[in-house]
Amino acid sequence: MTKQFTADVLICGAGAAGLTLAIDLARRGVSFRLIEKQAGPFHGSRGKGIQPRTLEIFEDLGIIDRIVAAGGLYPPQRKYRDDGSFIESEIAEHAAPTPAEPYNMALMIPQFLTEGVMRERLLELGGRVEFGYELVGLEQDEDGVTARLSGRAGEETIRVRYLVGADGGRSFVRHALGIGFQGKTLGVRAVVADVVLTGLDRLAWHRFHDGAMDRQISLCPLAGTELFQLQAPVQLDGEIDLSAEGLSAMVAERTGRNDIRIQSVLWASAYQMNARLADRYRDRRAFLIGDAAHIHPPTGGQGLNTSVQDAYNLGWKLASVIGGASATLLDSYEAERRPVAAKVLGLSTDLLEAAKRGDMRRGREVQQLDIGYPGSPLALEKPGRMAGPSAGARAPDAPLRGAAGQPIRLFALLKGTHWTLLGYQVKRETVSACTGLHIHRIGPDAELVDDSEHFRDAYAVSPGDWVLVRPDGYIGAFVGSRQVDGLTHFLAEQVPPAASVSVEVCICIDLLSISRHEHAEMVAAKAAVRDNS
């Protein structure tokens with residue numbers, strides 16, 4: 001790295017999005033600074049729902065077991081009638097885990113616990129959050145970003161290759177870049193508070209007067225803590241008493257019960273619900289992720305999850321380009337993630353309307369397992385597929401057996417910072433290994449055996465097919481046995497030849513199986529990549 005740079009990347013904001021990006025960069029050996037203008041960690045429960053797709057990401061980042069141990073499943077919702085009786089139902093549709101989708105239900109864990117686990121993981125990887133540092137100015141040029149920081153010791157100026165704004169809905173980075181934040185205020189103001197209370201059991205999410213916006217209130221036991229999260233819509237204007245006495249009075253008024261008493265308030269906020277989307281996610285060498293790029297109503301538990309996945313999408317691309325890949329790879333970040341946020345905003349807003357009516361129910365659409373990038377410039381299919389997942393879709397899990405007899409999950413093979421190439425019943429000599437690309441062959445006489453045929457069914461593959469999986473767990477390419485050479489060109493465009501993949505040895509096609517003309521084209525393509533690097 002050039003000495004003029006303090007770090008490769010400056011990340012502004014150490015919430016879930018900024019921490020995800022920092023963890024991903026740290027495990028890839030990319031230098032960064034992660035700053036947070038607050039003096040210490042956030043202490044609220046705010047984004048308490050972790051959806052199945054985010055759990056898969058947390059598995060890849062090495063924190064899944066810690067996250068699950070710190071949280072718990074959502075309790076049933078208990079809706080009270082005016083006479084004090086109630087009915088109970090599940091908050092979301094229940095689905096059993098499958099070999100392709102190992103995480104079937106949302107996990108409840110307060111945001112402050114999630115971020116605590118992430119900071120711990122970051123420390124293990126040699127990184128840390130710099131609290132009390134704020135970005136106060138930035139200038140860009142062709143080579144990098146000059147950033148002015150204000151911290152405990154005064155002001156400093158640093159030089160970085162890229163800057164990422166993960167600094168929330170009021171993002172300084174977004175304002176400094178002049179990026180619009182279109183959308184609307186949704187006409188709903190609400191209180192959310194983390195409280196210690198007596199008078200309710202912890203076996204249910206207690207809900208009173210669902211569908212009546214002037215009287216509605218819910219009290220949800222927060223998994224992993226002794227706290228309850230209080231949620232209630234309130235009038236659009238005026239002060240709200242967020243003290244224990246004030247919230248106790250609200251509870252008594254809205255529930256008609258005097259036995260529920262709030263003993264203390266650990267965190268509370270009164271906020272306006274908004275649905276907004278940044279006009280663009282990138283300005284030259286600066287990027288937006290998380291709430292800086294999109295803000296949602298809390299219905300459906302989508303905000304934090306969408307933010308984590310922004311960072312997970314951007315991290316490997318920044319690392320690849322810093323390592324030598326073409327800078328055009330970074331164009332795919334906005335192309336892939338902004339349409340996702342637009343759809344999620346629509347979903348969250350629809351669920352808010354359902355919540356107003358008192359009939360909100362979360363289905364598969366909130367789990368984010370079906371999110372993909374089918375129109376991405378990083379998606380290759382030769383020939384086009386008629387069934388099964390397409391290029392750009394999430395890569396399913398599958399149980400396999402190693403040739404030595406031990407069981408292994410496909411996700412265990414995908415875990416890490418590499419690209420993965422999976423060959424189904426392919427010839428051993430067809431493709432050779434290379435740096436930065438993990439190649440696995442699946443078949444009766446291969447290193448991995450698909451005894452249950454779960455891999456075949458999940459991917460809808462035929463003998464001779466190759467599946468290329470990106471570092472973020474999405475399918476980059478499907479190619480048949482006659483189109484393997486297309487992978488050479490695809491990887492040469494997306495993967496840095498010097499740092500992660502040696503183009504000279506990558507996807508070495510068996511010369512006995514191709515024509516001299518095809519070989520000449522491949523050699524020319526490799527030479528062009530060398531010249532461009």
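How many bridges join strand 4 to strand 7? Two bridges do so, and the two strands run antiparallel.

Before you select anything, note that this is a predicted model, in which local features need pLDDT of at least 70 and side-chain atom pairs count only at pLDDT 80 or more, while totals for chains, interfaces and linings use all residues. Residues are numbered from 1 along each chain as its sequence is written, and side-chain values use heavy atoms, with hydrogens and water left out.

**First stop: a sheet of three strands**

Select residues 107-108, which make up strand 7, and add residues 72-73 for strand 4 and residues 49-50 for strand 3. Helices and strands here are DSSP runs numbered from the N terminus, a helix being H or I over at least four residues and a strand being E over at least two; two strands count as paired if DSSP finds at least two bridges between them. The three strands form an open sheet in the order 3-7-4, with antiparallel pairing. Strand 3 and strand 4 stand at the edges with a single partner strand each, so one side of each has no neighbour in the sheet. If you pick out Gly-72, you will find it opposite Met-108 of strand 7.

**Second stop: a hairpin**

Now select residues 134-140, which are strand 9, together with residues 145-151, which are strand 10. These strands pair in the antiparallel sense over six bridges, and they form a hairpin with four residues between them. Within this hairpin, Leu-138 has Ala-147 in strand 10 as its bridge partner. In a regular strand the side chains alternate between the two faces of the sheet.

**Third stop: salt bridges**

Side chains of opposite charge can pair when their charged atoms come close. A salt bridge is counted where a side-chain nitrogen of Lys or Arg lies within 4 Å of a carboxyl oxygen of Asp or Glu, and by this rule the count comes to 30.

Show the side chains of Glu-130 and Arg-33, which meet in a salt bridge at 2.7 Å, N to O. This pair links distant parts of the chain, with Glu-130 in strand 8 (residues 129-131) and Arg-33 in strand 2 (residues 32-36), 97 residues apart. A residue is called buried when its relative accessible area is under 20%, exposed when over 50%, and partly exposed in between, using a 1.4 Å probe and protein chains only. Glu-130 is buried at 10%, and Arg-33 is buried at 13%.

Move next to Glu-59 and Arg-409, whose side chains meet in a salt bridge at 2.8 Å, N to O. Here Glu-59 belongs to helix 2 (residues 52-61) and Arg-409 to strand 22 (residues 407-409), and the two are 350 residues apart. Is Glu-59 buried or exposed? With a relative accessible area of 10%, Glu-59 is buried, whereas Arg-409 at 32% counts as partly exposed.

To finish this stop, select Asp-24, Arg-27, Arg-28 and Asp-60 together, since these residues are linked in a network of salt bridges.

**Fourth stop: the largest cavity**

Keep Asp-60 selected and add Glu-56, Tyr-312, Leu-414 and Gly-473, which are the residues nearest the centre of the largest cavity among the 15 that line it. The elements that give two or more residues to this lining are helix 2 and helix 9 (410-414), and helix 2 gives the most, with five residues. The largest cavity has a volume of about 160 Å³.

**Fifth stop: helix 7**

Select residues 303-322 to see helix 7, which has 20 residues and reaches 29 Å from its first C-alpha to its last, close to the 28 Å expected at 1.5 Å a residue; that expected span is 1.5 Å times one less than the number of residues. In this helix 20 of the 20 residues are buried, so helix 7 is largely enclosed by the rest of the structure. Gly-324 follows helix 7, and its phi is positive, near 125°.

**Last stop: Leu-468**

Finally, select Leu-468, which is found in strand 26 (residues 466-469). Leu-468 counts as buried, at 0% relative accessibility. Add Ala-395, which is 73 residues away along the chain, and the C-alpha atoms of the two residues turn out to be separated by 9.5 Å.

Key
On a 1 Å grid over the protein atoms alone, a cavity is a set of points where a 1.4 Å probe fits but cannot get out, and a pocket is an open set with protein on both sides within 12 Å along at least five of seven lines; lining residues have an atom within 4 Å of a point. Grid points are joined across faces, edges and corners, and a volume is the space filled by probe spheres set on the points.
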